[in-house]
Amino acid sequence: MKVKDIYSYLCTKAPLELQMDFDNSGFLVGDPEQDVSNILIALDITSEVIAEAIDRNVQLIVSHHPVIWEPMKQVLSSDPQQNKIIKLIKNNIAAICMHTNLDIAEGGVNDQLMKLLGAKTTGILEYTSAENGCGRIGELASPMELPEFLEYCKKTLKANGLRFYNAGKKVQKIAVMGGSGGNELPLAWTNGCDTYITSDIKYDVFLLAQEIGINLIDADHFSTENPVTDVLYHWIKDFSEEIHVFTSDKQGPAAQFYSN
């Protein structure tokens, strides 16, 4: 099995045509003809993840967030971001990054998030084309009090903590958007949702939730997107049982919560 074979397969599951204009999803580092026996799945390609890949004799890292965001005019070891590219190349490790195309794809980030929260998906939150979009709308089988749902979210998503606004409503019709989705709060409200779960929420968005009367939960960027690593793991295992696939154990929520 070669890197290009894995890449072609993943593009059938999360087509690059789905990615948003600002994005840089795709095959970003490495040799397409390189043979692959070991693959590491990670949300981010950090220095710790690269070290883990080297220790595990990995030839390919498949991540959600792109390891290269902007055009580079130089690649220097003195730059922390650029040095990661050098380490990957020196150790013959390729990088495939599936970002907003994986957010939008069926069975990807947002479908997995909805599934973990115990809700049935009923629609798309924000359409990016006539048929596809980012975020999901869904319903719980039965309503839950917000404190109970918060505890469930924290445990299920393995979050360090949650930021939230309680509008005094039970939780049943929900909207989700993995990662940074604060700007889409009005879409959750206009679709009749009582609760919206996303991350990286700014102060003004919490104020808006208070004004319009909708429960709002910031469940952490990492915690709302990392569940897709399990999806990637099973996609690749289904593609080839001969490849050894590992999920990184060197990552977790970067933000910590202090309470006295």
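Two strands are taken to pair if DSSP finds at least two bridges between them. Helices (H or I, at least four residues) and strands (E, at least two) are DSSP runs, numbered from the N terminus. The structure is a predicted model, in which local features need pLDDT of at least 70 and side-chain atom pairs count only at pLDDT 80 or more, whereas totals for chains, interfaces and linings use all residues. Residues are numbered from 1 along each chain as its sequence is written, and side-chain values use heavy atoms, with hydrogens and water left out.

One open sheet contains six strands in the order β5-β6-β8-β9-β10-β7, with mixed pairing. Its edge strands are β5 and β7 (163–165), each of which pairs on one side only. On average, neighbouring strands of this sheet are turned by 20° against each other, direction ignored; for such angles, axes are lines fitted to C-alpha atoms, for helices over the stretch in contact, and angles run from 0 to 180 degrees between N-to-C directions. Strands β5 (residues 119–127) and β6 (residues 133–144) run antiparallel and are joined by seven bridges. Within this pair, E126 is found opposite C134 of β6, and the connection from β5 to β6 is a hairpin of five residues. Strand β6 also pairs with β8 (residues 171–180), in the antiparallel sense and over five bridges. Here M144 stands opposite V171 of β8, while G138 has I174 of β8 as its bridge partner.

A further open sheet has five strands in the order β1-β4-β3-β2-β11, and its pairing is mixed. The edge strands, β1 (26–29) and β11 (244–247), each pair on one side only. Neighbouring strands of this sheet are turned against each other by 25° on average, direction ignored. Between strand β2 (residues 38–42) and β3, the pairing is parallel and extends over four bridges; I39 stands opposite L60 of β3.

Helix α6 was examined for its length and for the placement of its residues. The expected span of a helix is 1.5 Å times one less than its number of residues. The twelve residues of α6 (residues 146–157) should therefore span 16 Å, and the end C-alpha atoms are indeed 16 Å apart. Residues are classed by relative accessible area as buried (under 20%), exposed (over 50%) or partly exposed (in between), with a 1.4 Å probe and protein chains only. In α6, the buried residues are L146, F149, L150, C153 and L157. They lie on the same side of α6 because they cover an arc of only 105° around the axis, the arc being that of the directions from the helix axis to the C-beta atoms. An α-helix has 3.6 residues a turn, so residues three or four places apart point the same way. The other side of α6 carries the exposed residues P147, E151 and K155.

Just after α6, K158 adopts a positive phi of about 55° although K158 is not a glycine. This residue is placed in the loop between α6 and β7 and counts as exposed because its relative accessibility is 67%. A positive phi, near 55°, is also found in N57, again a residue other than glycine. N57 belongs to the loop between α2 (47–55) and β3 (60–63), and with a relative accessibility of 52% N57 counts as exposed. A buried loop residue is provided by I201, whose relative accessible area is 5%. I201 is located in the loop between β9 (195–199) and α8 (203–212). The C-alpha atoms of I201 and I86 are 34 Å apart in space, the two residues being 115 residues apart in sequence.

Two packed helices are described by the angle between their axes and the distance between the axes. The axes of helix α1 (residues 3–13) and helix α10 (residues 228–239) come within 11 Å and cross at roughly 120°. This angle makes α1 oblique to α10, given that angles under 35 degrees count as roughly parallel, over 145 as roughly antiparallel, 65 to 115 as roughly perpendicular and the rest as oblique. The crossing of α1 past α10 is right-handed; a crossing is left-handed if the near helix is turned anticlockwise from the far one by less than a right angle, and right-handed if clockwise. Helix α10 has twelve residues and reaches 17 Å from its first C-alpha to its last, close to the 16 Å expected at 1.5 Å a residue. Its buried residues are V228, T229, V231, L232, W235, I236 and K237.
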